[in-house]
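Please walk me through this protein in my viewer. I'd like to know what to select at each stop and what I will find there.

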Amino acid sequence: MSVREEFDEWAASGKDRGMEDRHWHTAKHVLARMPAEAGDAVLDLGTGSGYALRALRERGIDRGYGLDGAPEMASNAREYTDDDAVGFLVGDFDELPFADDSFDHVFSMEAFYYAADPVHTLEEVRRVLKPGGTFYCAVNYFAESETTHAWQENIAVEMTLWSREEYREAFREAGLYVAEQDAIPDRETEIPDASEFPTEGYETREAMIDRYRIWGTLLTVGVAP
């Protein structure tokens, strides 16, 4: 199954809204760090329901584009967003349909590891960023967060499992300066008492704490030269 087919099914079943609710726990902190200002243009890679661009428009960005590999995701995002300054399109991470130096910032939440050629995707991100522009790349699936590794068993498409250092190395290889890297904990997901484990997905409370409170979301910030 392709990425498009997988996420078209998710969108059709309403999972896009569920992802928005879960991702917002840490995505809002990532977006708060982004130095987006009035007049800026922002690209959201793997936009899903489009929630990030709606939030950034409230901060006054001039325009936003949400790109997703799944037509149903992009279609849903259009329905959820009543704003002529925000557009959604279907596209490939490995060949971004934008001119050089088009964006002040690029954002991606829980989508980057689906790129077929992640290093080339980073090169494309650098290409479309203006000099001094930033890429805020946020993922929950990474090497140090060991409890997430089993996700691959439940998703038909191949995912890239990089460590923190591998993210930094790949950013540099693509020509992006690494300005920041941080693990942002999810403090909103409820963690039951130890007596209630095992639960669906977690054998122990410690494993769930590790997933949400210790590792949460890995943020790597790149800056275009």
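Here is a short tour that goes from the sheet to single residues and ends at a helix.

**Before you start.** Keep in mind that this is a predicted model.

**Stop 1: the sheet.** Switch to a cartoon view and find the strands. Seven of them, 7 strands in an open sheet, follow the order β3-β2-β1-β4-β5-β7-β6, with mixed pairing. At the edges you will find β3 (86-90) and β6 (177-184), each of which pairs on one side only. On average, neighbouring strands here are turned by 15° against each other, direction ignored. As a bit of background, strands of a sheet pair through backbone hydrogen bonds, and they can do so parallel or antiparallel.

**Stop 2: β1 and β4.** Select residues 41-45, which make up strand β1. This strand is joined to β4 by 4 bridges, and the two run parallel. Try clicking on Leu-43: its bridge partner in β4 is Val-106.

**Stop 3: helices on the sheet.** Now add residues 51-58, helix α3. This helix lies across β1, β2 (63-68), β3 and β4, and runs at about 160° to β1. Next, add helix α5 (residues 118-128), which packs on the sheet and touches β1, β4 and β5 (129-139). The direction of α5 makes about 140° with that of β5.

**Stop 4: an annotated span.** Colour residues 43-137. UniProt, in an unreviewed entry, places the feature "domain: Methyltransferase type" at these residues. The span is 31% helix and 32% strand, and its end C-alpha atoms lie 12 Å apart.

**Stop 5: Ser-108.** Zoom in on Ser-108, in strand β4 (residues 103-109). Is this residue buried or exposed? Ser-108 has a relative accessible area of 0%, under the 20% cut-off, so it counts as buried. Show its side chain and look for Leu-45: the backbone oxygen of Leu-45 lies 3.0 Å from a polar atom of the Ser-108 side chain. Leaving aside neighbours within four places in sequence, the contacts of Ser-108 include Asp-44, Phe-135 and Cys-137.

**Stop 6: Cys-137.** Follow that last contact to Cys-137, which sits in strand β5. Cys-137 is buried too, with a relative accessible area of 1%. Which residues does Cys-137 contact, leaving aside its neighbours within four places in sequence? They are Ser-108, Phe-112, Tyr-167, Phe-171, Leu-218, Leu-219 and Thr-220. For a distance to try in your viewer, pick the C-alpha atoms of Cys-137 and Val-125: they are separated by 11 Å, with the two residues 12 apart along the chain.

**Stop 7: His-23.** Jump to helix α2 (residues 15-33), where you will find His-23. His-23 is buried, with a relative accessible area of 12%. Not counting residues up to four places away in sequence, His-23 touches Tyr-51, Met-109 and Glu-110. Now select Thr-217 as well: His-23 and Thr-217 are 194 residues apart in sequence, yet 9.1 Å apart in space, C-alpha to C-alpha.

**Stop 8: helix α8.** Finish with residues 205-215, helix α8, whose buried residues are Ala-207, Met-208, Arg-211 and Tyr-212. Turn the view to look down the axis of α8: the buried residues fall within an arc of 110°, so they line one face of the helix. Those buried residues pack against α6 (151-154). Just after α8, look at Gly-216, which takes a positive phi of about 55°.

Note on methods. Residues are numbered from 1 along each chain as its sequence is written. This is a predicted model: local features need pLDDT of at least 70, side-chain atom pairs count only at pLDDT 80 or more; totals for chains, interfaces and linings use all residues. Side-chain values use heavy atoms; hydrogens and water are left out. Buried means under 20% relative accessible area, exposed over 50%, partly exposed in between (1.4 Å probe, protein chains only). The arc is that of the directions from the helix axis to the C-beta atoms. Contact means heavy atoms within 4.5 Å. A polar contact is a pair of N or O atoms within 3.5 Å; within protein, one must be able to donate a hydrogen and the other to accept it, and residues adjacent in sequence count only if both atoms are side-chain atoms. UniProt positions are given in the numbering used here, feature names are shortened, and annotations may be inferred rather than shown by experiment. Two strands pair if DSSP finds at least two bridges between them. Axes are lines fitted to C-alpha atoms, for helices over the stretch in contact, and angles run from 0 to 180 degrees between N-to-C directions.
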